[in-house]
Amino acid sequence: MRALLLRHKQVLLFIIAGGLSAVVEIGSFKLFSIYLPHIILQEQDFHGIHYPFSNILSTTCGILFNYFLSIWFVFERGKHSKKKEFVYFMIVSFISTLLSLTFFQVFYSFVFKSNINLIFYTLSPEMISKIAAIVLVSILNYSVKKKVIFNG
């Protein structure tokens, strides 16, 4: 078991960093989705887009948190300079954000229509949609970040 963990240490660290980043993203989404509708009246339905600013702000929090975890714990420095590495990371993250926002809209509008009761906590359709979007995009992120950004 130990040999298996050592062989897949980077994947395991990526999952942990991703999990922590997801907690930051989901937690900040929850806060933004509660408070922003009081400030921005169209936040719950902005021209057919549900919670756009909450999504963008929470995704940004998750991305920045993930960047620092990635460079500190997950990946070794690649062949790129720190500046280039950060720019590439942000480009990949921007594309991932667009994918995540798209998945969220599809899930929220068409797939998840009711709450899921987990006994100790009830997940709303927007939270389920956010979690599902994060999981899908995370799979793509690992491959791209490993092969393109941190390919040293």
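**Group meeting: cores, a salt bridge and a nonpolar patch**

Okay, let's start inside. The largest nonpolar core here has 13 residues, and the ones with the most contacts within it are Phe14, Val74, Phe75, Phe89, Ile149 and Phe150. Who supplies it? Helix 2, helix 3 (52–74), helix 4 (82–111) and helix 5 each put in at least two residues. Helix 3 gives the most, with 5 residues. There's also another core lying apart from that one, with 11 residues, including Ala22, Ile26, Tyr108 and Ala133. Before I go on, keep in mind that this is a predicted model.

Now, a serine for you: Ser70, which sits in helix 3. Is Ser70 buried or exposed? Its relative accessibility is 0%, so Ser70 counts as buried. And what does Ser70 touch, if we leave aside neighbours within four places in sequence? Three phenylalanines: Phe75, Phe89 and Phe150. You've heard those names already, as they're among the residues with the most contacts inside the largest core.

Next up, charges. How many salt bridges does a search of the whole structure find? Just 1. The partners are Lys130 and Glu25, and their closest N and O atoms are 2.9 Å apart. This pair ties together distant parts of the chain, with Lys130 in helix 5 (residues 125–149) and Glu25 in helix 2 (residues 9–39), 105 residues apart. Both Lys130 and Glu25 are buried, by the way.

Let's move to the outside. There's a nonpolar surface patch of about 620 Å², made by Val87, Ile91, Phe94, Ile95, Leu98, Leu99 and Leu140. Which helix brings the largest share of the patch? That's helix 4, with 6 residues. Take Leu98 as an example; its place is in helix 4. Leu98 has 42% relative accessibility, so it counts as partly exposed.

If you look at the record, UniProt has an unreviewed entry that lists residues 12–36, 56–75, 87–107 and 127–144 as "transmembrane region". How do those spans look in the model? I'll show you two. Residues 12–36 are 100% helix and 0% strand, with the end C-alpha atoms 35 Å apart. Residues 87–107 are also 100% helix and 0% strand, and there the end C-alpha atoms lie 30 Å apart.

That's my tour, so over to you for questions.

Definitions and conventions. Residues numbered from 1 in each chain as written. Predicted model: local features only at pLDDT ≥ 70, side-chain atom pairs only at ≥ 80, totals over all residues. Heavy atoms only, no water. Salt bridge = Lys/Arg side-chain N within 4 Å of Asp/Glu carboxyl O. Helix = DSSP H or I, 4+ residues; strand = E, 2+ residues; numbered from the N terminus. Buried < 20%, exposed > 50% of the residue type's maximum accessible area, 1.4 Å probe, protein only. Core = buried A, V, L, I, M, F, W, Y, C linked by side-chain atoms within 4.5 Å. Patch = residues over 30% accessible without salt bridge, like charges linked within 9 Å, V, L, I, M, F, W, Y side chains within 5 Å. Areas by Shrake-Rupley, 256 points an atom, 1.4 Å probe, with all protein chains shown as cover. UniProt positions renumbered as here; feature names shortened; annotations may be inferred. Contact = heavy atoms within 4.5 Å.
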